[in-house]
Amino acid sequence: MGGVGGSSAERELAELAPWPSPAPPIGRQEREARLAKAQGLTAGVGADALVVGAGASLRYFAGVGWNATERLVAMVLPRSGEPVMICPAFEEGSLRAALGIEAGLRLWEEHESPYDLAAAVLAELGVRSLAVDPALAFFMYDGLRTAAPHLETTNGAGVIDGCRMIKSPAELALMAQAKAMTLEVHRRTARILREGITTTEVRRFIDQAHRTLGADDGSSFCAVQFGEATAYPHGLPGEQQLKRGDVVLIDTGCRVQGYNSDITRTYVFGEPSPELVRIWEIEKRAQAAAFAAVRPGVPCEEIDAVARRVLEAEGLGPDYRLPGLPHRTGHGIGLSIHEAPYLVKGDRTPLHPGMCFSNEPMIVLPGAFGVRLEDHFHVTEDGAAWFTEPQPSLEQPFG
């Protein structure tokens with residue numbers, strides 16, 4: 001089968017080099033525009049300020065790519081004026097080096113309550129109603145609520161998602177690079193397959209290849225499934241060894257400046273069965289139909305419905321019944337690998353230019369195999385545009 005097998009990990013890694021034309025990072029002017037938009041949306045939900053904890057949203061607004069821990073690190077953004085960062089005192093130097101915006105700093109020592117400090121900052125700003133980052137850990141929210149018992153709180157998801165779900169040209173460029181890198185890793189991974197290779201060996205190669213191309217931290221995730229394990233959307237535990245005739249499903253991604261890729265390819269090591277050929281072709285048509293249905297203003301749930309209609313016409317499903325599609329057709333993607341909105345029944349968010357989604361209407365045949373083709377697109381003024389071209393065929397997975 002074209003492009004599957006015949007090489008080695010050593011040979012493929014030796015041919016890789018850092019990405020030749022990296023996309024530029026997000027600049028301060030863009031971050032300032034994000035803050036201004038968030039301030040307008042905060043006013044729109046009737047709140048006086050927005051609080052954002054460490055994680056993807058703090059990176060989005062402030063450039064600080066820290067993960068959440070037990071220590072409160074947060075940004076308080078009032079409806080007008082400069083944001084205030086709340087941070088452990090011993091992290092001040094690291095915070096100043098990471099910040100991509102102008103912000104005031106309020107620091108707390110290890111024995112002090114960060115929630116009392118946050119309550120004092122909110123009081124100084126005259127905040128009576130606070131929009132809260134939905135990703136803020138409950139114990140942090142509870143600590144803040146206890147320190148400021150008269151503070152009104154509301155869900156800040158509409159503010160954060162209202163900013164993050166529409167990607168700028170700079171964000172699209174970073175995502176395009178991440179996805180192009182992962183597709184190149186997929187192509188080279190197929191070449192190293194051989195009878196007896198283990199899933200661990202394949203995952204190790206994928207991580208090393210992503211690192212060599214310049215991904216932030218190698219693979220951000222990696223699922224390698226052979227044979228019947230492909231019938232489980234997220235695989236089975238334990239080691240697998242590749243056998244002649246096995247279906248191969250590899251789902252992996254990386255990050256570039258925090259922005260994610262997430263691509264799945266399904267093919268076979270050896271000769272495909274007639275049933276695999278049939279199911280693969282249905283999957284291909286469902287993915288194409290979902291892409292073709294994208295237009296600004298169309299509800300997200302309609303894209304899911306379009307893909308399911310293709311499957312149901314072939315006797316699969318309906319809904320989530322198996323054999324068929326056991327999960328949503330797609331998810332939003334950006335600084336989080338799964339983020340709002342979603343291509344799923346019940347999500348009536350209208351599509352808008354700049355939104356980015358996976359397109360992966362997987363077909364599962366229990367006890368046999370699964371086929372998932374996953375590529376990503378962004379919504380344009382008149383339809384959709386692929387970040388990566390879909391798999392052309394089962395026999396020639398990379399053209």
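Biologist: Is Phe377 buried or exposed?

Modeller: This is a predicted model in which local features need pLDDT of at least 70 and side-chain atom pairs count only at pLDDT 80 or more, while totals for chains, interfaces and linings use all residues. Residues are numbered from 1 along each chain as its sequence is written, and side-chain values use heavy atoms, with hydrogens and water left out. Buried means under 20% relative accessible area, exposed over 50% and partly exposed in between (1.4 Å probe, protein chains only). Phe377 has a relative accessible area of 0%, so Phe377 is buried.

Biologist: Which residues form one aromatic cluster?

Modeller: Rings of Phe, Tyr and Trp (its six-membered ring) pair if their centres lie within 6.5 Å; planes under 30 degrees apart count as stacked, over 60 as edge-to-face and the rest as tilted. The one aromatic cluster is formed by Phe291, Phe357, Phe377 and Trp386.

Biologist: How many aromatic pairs does the whole structure hold, and what is the angle between the planes of Tyr267 and Phe398?

Modeller: The search of the whole structure yields 7 aromatic pairs. One of them joins Tyr267 and Phe398, edge-to-face, at 6.0 Å centre to centre, with an angle between the planes of 70 degrees.

Biologist: How many residues apart in sequence are the parts that this pair ties together?

Modeller: Strands (E, at least two residues) are DSSP runs, as are helices (H or I, at least four), numbered from the N terminus. Tyr267 lies in strand S10 (residues 263-268) and Phe398 in the segment after strand S17 (383-386), so the separation in sequence is 131 residues.
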